[in-house]
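Here are some short exercises to work through with the model open beside you. Try each task on your own, then follow the solution step by step.

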Amino acid sequence: MAEAIGRTRQNFIDDLIVNMPEIEGLQARIGACPGDRDALDRLAFLTHRMSGIAATVGFPEIGKRAGAIHDLVSSFERSDRHQTILSREIETLLDLMEDAVVDEM
């Protein structure tokens, strides 16, 4: 069982490496065009997946932040306040993802 969780954890880290630049790009797209439904949907998909597995493989804070972003995207408003909150949450998530990757290297 521990071996399977170790493999899943490594796969999660590998996904973080791939997803970080994509999430940064989505953040930029949403910042430039807050109603970009494709970018919002993709961000919701990535964060939903991430929030579902993160705690299981030892990254509960990543899961918590990813879940918060998913919730924000689900109730997205085009207001400046909502945009600021979403951007701040994405930045925090990206920092946590980077820390996780660096710690695993």
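**Exercise 1. Work out how Glu-61, Arg-65 and Glu-89 are linked.**

Step 1. Glu-61, Arg-65 and Glu-89 are joined in a network of salt bridges. A salt bridge here is a side-chain nitrogen of Lys or Arg within 4 Å of a carboxyl oxygen of Asp or Glu.

Step 2. Before going on, a word on what you're looking at: this is a predicted model, where local features need pLDDT of at least 70, side-chain atom pairs count only at pLDDT 80 or more, and totals for chains, interfaces and linings use all residues. Residues are numbered from 1 along each chain as its sequence is written, and side-chain values use heavy atoms, with hydrogens and water left out.

Step 3. Now take one pair from the network: the side chains of Arg-65 and Glu-89 meet in a salt bridge at 3.1 Å, N to O. This pair links distant parts of the chain, with Arg-65 in helix 3 (residues 60-74) and Glu-89 in helix 4, 24 residues apart. Helices are DSSP runs of H or I with at least four residues, numbered from the N terminus.

Step 4. Check how covered the two partners are. Arg-65 is partly exposed, because its relative accessible area is 22%. Glu-89 counts as buried, because its value is 17%. The cut-offs are these: buried is under 20% relative accessible area, exposed is over 50%, and partly exposed is in between (1.4 Å probe, protein chains only).

**Exercise 2. Find how many salt bridges the whole structure has, and look at two more of them.**

Step 1. Searching the whole structure turns up seven salt bridges.

Step 2. One to look at is Arg-9 with Glu-104, whose closest N and O atoms are 2.5 Å apart. That pair, too, links distant parts of the chain: Arg-9 is in helix 1 and Glu-104 in helix 4, 95 residues apart.

Step 3. What about cover? Arg-9 has 25% relative accessibility, so it counts as partly exposed. Glu-104 is partly exposed as well, because its relative accessible area is 31%.

Step 4. Next comes Arg-37 with Asp-41, where the closest N and O atoms are 3.1 Å apart. Both residues lie in helix 2 (residues 37-53), four residues apart, which is about one turn of the helix.

Step 5. Arg-37 is partly exposed, because its relative accessibility is 43%. Asp-41 is also partly exposed, because its value is 40%.

Step 6. The general idea behind such pairs: side chains of opposite charge can pair when their charged atoms come close.

**Exercise 3. Which residues form the negative surface patch, and which helix gives the largest share?**

Step 1. The patch is made of Glu-24, Glu-91, Asp-95, Glu-98, Asp-99 and Asp-103. Patch residues have over 30% relative accessible area and no salt bridge, and like charges are joined within 9 Å. Asp and Glu count as negative.

Step 2. Helix 4 (residues 80-104) gives the largest share, five residues.

Step 3. Pick one member to check: Glu-91 sits in helix 4. Glu-91 is partly exposed, because its relative accessible area is 38%.

**Exercise 4. Find the side-chain partners of Gln-27 and Glu-3.**

Step 1. Start with Gln-27, which is in helix 1. Gln-27 is buried, because its relative accessible area is 14%.

Step 2. The side chain of Gln-27 makes a polar contact with the side chain of Ser-87 at 3.0 Å. A polar contact is a pair of N or O atoms within 3.5 Å; within protein, one must be able to donate a hydrogen and the other to accept it, and residues adjacent in sequence count only if both atoms are side-chain atoms.

Step 3. Glu-3 also lies in helix 1. Glu-3 is exposed, because its relative accessible area is 59%. The side chain of Glu-3 has a polar contact with the side chain of Arg-7 at 2.9 Å.

**Exercise 5. How far is Gly-63 from Leu-93, in sequence and in space?**

Step 1. Find Gly-63 in helix 3. Gly-63 is buried, because its relative accessible area is 11%.

Step 2. Gly-63 and Leu-93 are 30 residues apart in sequence and 9.0 Å apart in space, C-alpha to C-alpha.

Note on methods
Patch = residues over 30% accessible without salt bridge, like charges linked within 9 Å, V, L, I, M, F, W, Y side chains within 5 Å. Areas by Shrake-Rupley, 256 points an atom, 1.4 Å probe, with all protein chains shown as cover. Charge placed at Lys NZ, Arg CZ, Asp CG, Glu CD. Helix = DSSP H or I, 4+ residues; strand = E, 2+ residues; numbered from the N terminus.
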